[in-house]
Amino acid sequence: MTIPSPSSQDLLEAILHEKRLTADLESSGTLWEASSLSLLRKYHEENEHLLDHFLTLYGWPTPAKFGAEIHEAACLISAQATSRAYNSDS
């Protein structure tokens, strides 16, 4: 089975979805519940795999080539992945 190549739009949609999900959980008052944190962790892991695949195919998304929003999305996903790795080592 072939994994579809991620597009730059996929990175943008991933981070926008994560922002909406976080806002929804926060507005419902359930953001800090174990089930919500587990859902966010799973989503961050999926985003990490998406970014890793994107980087393997295209390299780092520079603003000049991919646009500032795509570059920012990649930076946010990277920060989440780095934070997860740091927290799992502690």
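Among contacts in the chain between residues at least 6 apart in sequence, what percentage join residues at least 24 apart? The figure is 68%. Keep in mind that we're looking at a predicted model here. The chain has four helices and zero strands, and going along the sequence you read the pattern α-α-α-α.

**The chain as a whole**

- Of the 90 residues in the chain, 29% are buried.
- The chain's accessible surface is about 6000 Å², and carbon and sulfur atoms account for 57% of that area.

**Aromatic pairs**

- The count of aromatic pairs comes to three.
- Take Phe54 and Phe66: their ring centres sit 5.4 Å apart with the planes at 65°, and since an angle over 60 degrees counts as edge-to-face, that's the label this pair gets.
- Phe54 belongs to helix H2 (residues 34–58) and Phe66 to helix H3 (residues 63–66), so this ring pair ties together parts that are 12 residues apart in sequence.
- Both partners, Phe54 and Phe66, are buried.
- Tyr58 joins in as well: ring pairs link Phe54, Tyr58 and Phe66 into a cluster.

**The salt bridge in helix H2**

- The salt bridge count for this model is one.
- Its partners are Glu46 and Lys42, whose side chains meet at 2.7 Å, N to O; the cut-off for that kind of pair is 4 Å, so this one qualifies.
- Both Glu46 and Lys42 sit in helix H2, and they're four residues apart, or about one turn of the helix.
- Buried or exposed, or something in between? Glu46 has a relative accessible area of 37%, so it goes down as partly exposed.
- Lys42 comes out at 48% relative accessibility, so it also counts as partly exposed; the exposed class takes values over 50%.

**His44, also in helix H2**

- His44 is another residue of helix H2.
- With a relative accessible area of 17%, His44 is buried, because the buried class covers anything under 20%.
- So what does His44 touch, leaving out residues up to four places away in sequence? Its contacts are Glu18, Gln80 and Arg84.

Definitions and conventions
Residues numbered from 1 in each chain as written. Predicted model: local features only at pLDDT ≥ 70, side-chain atom pairs only at ≥ 80, totals over all residues. Heavy atoms only, no water. Phe/Tyr/Trp six-rings, centres within 6.5 Å; stacked < 30°, edge-to-face > 60°. Helix = DSSP H or I, 4+ residues; strand = E, 2+ residues; numbered from the N terminus. Buried < 20%, exposed > 50% of the residue type's maximum accessible area, 1.4 Å probe, protein only. Contact = heavy atoms within 4.5 Å. Areas by Shrake-Rupley, 256 points an atom, 1.4 Å probe, with all protein chains shown as cover.
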